[in-house]
Amino acid sequence: MKIIIFIFFIFWFQLMNFCQVSQGIEFRFKTGFLAAHREVLSHLPSHPALCTEISYFKHLKSSNSWAEEFNFPTVGAVLFHGSVGNDDLLGKYTSIYGFADIPILHKSLYELSWRFGSGLGYTNRIYDPLLNPKNMAISTRINAIIIMGIKSTIRFKKSNISLGVDLTHFSNSAFNIPNYGINIPYFSVSYARTISQDSSLRLKSRITEFNKLYFGTCGIFSLKEINPHGNRKYPIYAFTGFSRYFFSQKAGLELGVDIISNQSIFDFEPQVNKTQLSILQLGVYTGYLVPLNHFHFFFGMGVYMRDRYRPNGLFYNRIGFRYQLTSGLYGNITLKSHRAKADYMEIGLGYVFNFKKKHENE
């Protein structure tokens with residue numbers, strides 16, 4: 001968990017440090033409901049989910065940069081506090097997450113944007129076999145938070161008013177169980193005020209070449225727990241080979257092959273004899289990339305071509321981010337899941353073979 005916290009702050013510091021044009025504060029009120037995405041969670045929703053957010057944002061207006069290709073996005077950090085729909089069993093959540101608002105439609109005074117954010121959250125109520133056995137959603141106080149949504153904004157001279165809808169997800173990525181996770185659709189209204197203008201443009205230059213096919217590999221490590229609660233942590237080792245193609249500054253496609261050694265499979269149907277070779281999973285996947293220069297959001301889906309014991313079904317999903325260096329190395333944090341249930345957090349280090357050569361020639 002310390003590694004995830006460290007990498008999270010490095011990533012968002014890098015994104016914000018080189019994106020200074022105008023900055024401000026936003027106040028947001030959100031109301032929603034707890035979605036019981038599994039039958040075992042059907043008893044949890046008890047009242048509306050209400051929360052507030054205070055955001056520090058930077059609106060990028062720099063021309064002749066990667067920001068111009070995205071119609072000048074907004075990035076920042078958010079302090080979240082409130083209810084997720086059941087104070088008695090799930091408690092209150094306090095979170096800090098970084099975000100990027102990417103305009104879909106941009107006019108002089110109006111903007112429709114897509115938001116993606118990620119960070120860490122704390123709750124005061126977790127699963128306990130004696131004191132809180134009905135909380136089957138979360139078993140750790142510190143959890144990852146992932147935000148995806150749409151925001152409609154009207155801009156004035158120094159003020160903005162917006163309406164939004166988002167899906168907020170809390171999970172510890174099966175580091176501890178039970179961990180069915182929390183999903184809350186929120187509706188929101190906000191007011192934002194620009195507090196300063198920064199004329200020193202420090203946006204990093206573009207590092208990705210459009211219409212370019214890249215090839216690379218990534219090594220992944222993780223830990224997870226399986227039933228019963230309190231069982232030991234099982235390591236997961238994975239290796240990925242991939243190709244990427246960027247259609248433009250805004251979008252890229254990735255195709256790849258996963259080789260996964262999930263040690264927890266040894267305790268799935270333990271009466272069946274298994275070997276290291278027999279538990280190997282082979283999957284193929286495709287993913288969509290949103291490259292904010294060095295910082296890449298990733299959304300993918302895969303299918304197992306070889307999975308002898310099928311502990312989680314045929315399909316898997318990924319959502320997360322990468323940070324690409326000009327040396328060709330990149331860091332990876334993605335959440336791997338099956339049917340809205342987190343499997344484990346993938347912490348990885350990758351290398352793009354023909355990336356460094358391309359930049360040495362510039």
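Here is a short conversation about strand pairing, salt bridges and burial in this predicted model.

User: Before we start, what are the ground rules for the numbering and for the predicted model?

Analyst: Residues are numbered from 1 along each chain as its sequence is written, and side-chain values use heavy atoms, with hydrogens and water left out. The model is predicted, so local features need pLDDT of at least 70 and side-chain atom pairs count only at pLDDT 80 or more, while totals for chains, interfaces and linings use all residues.

User: What makes strand 9 and strand 16 a pair?

Analyst: Strands are DSSP runs of E with at least two residues, numbered from the N terminus, and two of them pair if DSSP finds at least two bridges between them. Strand 9 (residues 213-224) and strand 16 (residues 341-352) are joined by 6 bridges and run antiparallel, so they meet the rule. Within this pairing, Cys218 stands opposite Gly350.

User: How do you know that strand 15 pairs with strand 16 too?

Analyst: There are 10 bridges between strand 15 (residues 329-338) and strand 16, again antiparallel, so the requirement of at least two is met. Asn332, for instance, has Gly348 as its bridge partner. The hairpin of these strands has 2 residues between them, and Arg339 there takes a positive phi near 50 degrees.

User: Why is the contact of Arg115 with Asp101 called a salt bridge?

Analyst: The term asks for a side-chain nitrogen of Lys or Arg within 4 Å of a carboxyl oxygen of Asp or Glu. For Arg115 and Asp101, the closest N and O atoms are 2.7 Å apart, so the contact qualifies. Arg115 lies in strand 5 (residues 110-123) and Asp101 in strand 4 (residues 92-106), so the pair ties together parts 14 residues apart in sequence.

User: Which residues share a salt-bridge network with these two?

Analyst: The network links Glu26, Arg28, Asp101, Arg115 and Lys151. In it, Glu26 and Arg28 have their closest N and O atoms 3.3 Å apart.

User: Why are Glu26 and Arg28 called buried?

Analyst: Buried means under 20% relative accessible area, exposed means over 50%, and partly exposed is in between (1.4 Å probe, protein chains only). Glu26 has 6% and Arg28 has 5%, so both count as buried.

User: And what makes Arg318 and Asp258 a salt bridge?

Analyst: Their N to O distance is 3.0 Å, so the pair satisfies the 4 Å rule. Arg318 lies in strand 14 (residues 315-324) and Asp258 in strand 11 (residues 251-262), so the pair ties together parts 60 residues apart in sequence. Arg318 is buried at 8%, and Asp258 is buried at 1%.

Definitions and conventions: Helix = DSSP H or I, 4+ residues; strand = E, 2+ residues; numbered from the N terminus.
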